[in-house]
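Here are my notebook entries from an afternoon of looking things up in this model. I jotted them down in the order in which I went through the questions.

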Amino acid sequence: MTDSKTQRLQRVQEALDTLDNAEARAAIRSDLSDEPETLAAADNLERVHRILSTAPRERAPERLAAKIMARVSAIMQAQKSADWPVPQEAIAAAMMLANAATLPLMTGAAWLLIHAAAQPKLLETVLPRVVAVHLMLIEVMAEVLRQAETVAEDDPQTAATILALLPDALRAMADELQEK
Amino acid sequence: MSDDPILLEWIERAIGGDESAFEEIYYTYKDDVYTACMRMLGTAQEAEDAAQDVFIRLLRVLPRYDHTRASFRTWMLTITTNYCYDQLRKRRGYDVSMDDEDEPVALTLSSSDPTPEQVALGLEFRDRVQGMLNRLSPDDRQMIVLRYWFDQGYEEIAEGMEITISAVKSRLFRARQKLADLLGDIALPSEGV
């Protein structure tokens, strides 16, 4: 196919797409009257255009609505649950309980430090232990918070329960350390 | 581009989690989405699965819709045809087999008389048009579907697909040439057959 033939056919295409006026289209076709091959190709393009313009649209099956809306409903419910905020009061209460649980530990640590201050040599032993215990506490709290965050999206109530267990977890840890 | 204010309200409410608003959107555009999926993918089962996925995707990306850039219908059809395009690319060889690639598809336009015979002819016509579409590449199929089933102009297609108008023209031309080759000897009723 020569370039000029392609260009002429592209003009035919544009006429099909943009000119509603049949006369204007006929004028373009008459320009091709001395080129039977191009004219035949133009006729074929027009035929494709007519067939596609007549092709029917589909109707979505009725059952599709139920399937889609069930999925939409599930997603929206999950979003609503995810949006359900862990109440600020619950977080504050959990933190207060966590503080309360760690208070004996802090008191013990302070007591050790005060007495160790009278005997500076003891500081070498006591200080690293106190620091280690506190680091461990922070690590435990961070891990509990991570766990709560992980489940929060799918199951916010479990997340709240995990947070509520934080003081107990800390107290258990303190008991363990005390026994050691 | 301007959308119906009611539609914009539905969109807003759907983004806020209102199921009934999304349902309104679904019922307004279900046939558009399903038709696009059907024409792109070629089978009812795939079209149904794809339409589900498209509406779920639509739900997720709804907050990103910018009504100042494109009409909702154009935006939604772009999502739909892009989704189907991806499915076709995954399928790779689409529906073309080496044996029948160049075999013309006999095609006759039926009249609109609702006799059982002509209903059957209409279905046959639809299937044959689908048969031709199935032989186009995903790119070409997407062009033809947007142009003919959704009456999009060059500019609208170019905006939706983020390509130039001249690229739209040349792809459409290529697609039509391919379809013209596939038509073979067809006879239209208006030509006396």
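**Entry 1: a positive phi after a helix.** Before I start, the cut-off I need: a residue is exposed if 12 or fewer other C-beta atoms lie within 10 Å of its own, and buried if there are 20 or more. I also remind myself that this is a predicted model. I looked up Asp151(B), and its phi is near 55°, a positive value in a residue other than glycine. Is Asp151(B) buried or exposed? Asp151(B) counts as exposed because it has 9 C-beta neighbours inside 10 Å. I found Asp151(B) in the loop between α6 and α7 (154-161) of chain B, and it follows α6(B).

**Entry 2: a second one.** I then checked Glu162(B), where phi is again positive, near 55°, and the residue is not glycine. Glu162(B) sits in the loop between α7 and α8 (165-183) of chain B. I note Glu162(B) as exposed, because 8 other C-beta atoms lie within 10 Å.

**Entry 3: the helix before Asp151(B).** Going back along the chain, I looked at helix α6 of chain B, residues 138-149. From its first C-alpha to its last, this helix of twelve residues reaches 16 Å, close to the 16 Å expected at 1.5 Å a residue. How many residues of α6(B) are buried? I get ten of the twelve, so I write the helix down as mostly covered. Among the buried ones are Arg141(B), Gln142(B) and Val145(B), and I kept those three in mind for the next entry.

**Entry 4: Met40(B).** This residue is found in helix α2 of chain B. Why does Met40(B) count as buried? Met40(B) does so because it has 29 C-beta neighbours inside 10 Å. Leaving out residues up to four places away in sequence, I listed what Met40(B) touches: Thr81(B), Cys84(B), Leu88(B), Arg141(B), Gln142(B) and Val145(B). I also took one C-alpha distance: Met40(B) and Asn82(B) are 42 residues apart along the chain, and 9.9 Å separates them.

**Entry 5: the nonpolar core.** As a general matter, nonpolar side chains tend to be buried together in soluble globular proteins. Here I looked up the largest nonpolar core, and it has 61 residues. Helix α2 (residues 19-41) of chain B gives the largest share of this core, eleven residues. Which residues have the most contacts inside the core? They are Cys37(B) and Ala51(B). I followed up on Ala51(B), setting aside neighbours within four places in sequence, and found contacts with Val33(B), Tyr34(B) and Cys37(B), as well as with Ala60(A) and Leu64(A) from the other chain.

**Entry 6: where the chains meet.** That sent me to the interface, where the contact takes 30 residues from chain A and 33 residues from chain B. On the side of chain A, the elements giving two or more residues are α1 (3-18), α3 (36-54) and α4 (62-83). Which element gives the largest share of that side? My answer is α4(A), with twelve residues. By type, the residues on this side divide into 15 nonpolar, seven polar and eight charged. For the complex, the predictor gives an ipTM of 0.73 and a pTM of 0.63.

**Entry 7: the chains side by side.** Chain A comes to eight helices and zero strands, and chain B likewise has eight helices and zero strands. I find 14% of the 180 residues of chain A buried, and for chain B I note 35% of 193 residues. Of the contacts with a separation of 6 or more, residues 24 or more positions apart account for 62% in chain A. The matching figure for chain B is 67%.

**Entry 8: how far to trust it.** Chain A averages a pLDDT of 77, with 87% of the residues at 70 or above. Within chain A, confidence is lowest in helix α5 (residues 88-118), at a mean of 72, and highest in α4(A), at 86. Chain B averages 81, and 78% of its residues score at least 70. Over residues 96-114 of chain B the pLDDT is below 50, though this stretch has 35 contacts in the model beyond near neighbours in sequence. Residues 186-193 of chain B also stay under 50, with ten contacts beyond four places in sequence. A note to self: where pLDDT is low, the predicted coordinates should not be read in detail.

Note on methods. Residues numbered from 1 in each chain as written. Chains lettered and ligands numbered in written order. Predicted model: local features only at pLDDT ≥ 70, side-chain atom pairs only at ≥ 80, totals over all residues. Core = buried A, V, L, I, M, F, W, Y, C linked by C-beta atoms within 7 Å. Helix = DSSP H or I, 4+ residues; strand = E, 2+ residues; numbered from the N terminus. Contact = placed C-beta atoms within 7 Å. Nonpolar A, V, L, I, M, F, W, Y, C, P; charged D, E, K, R; others polar. pLDDT = per-residue confidence, 0-100. Expected span 1.5 Å × (residues − 1).
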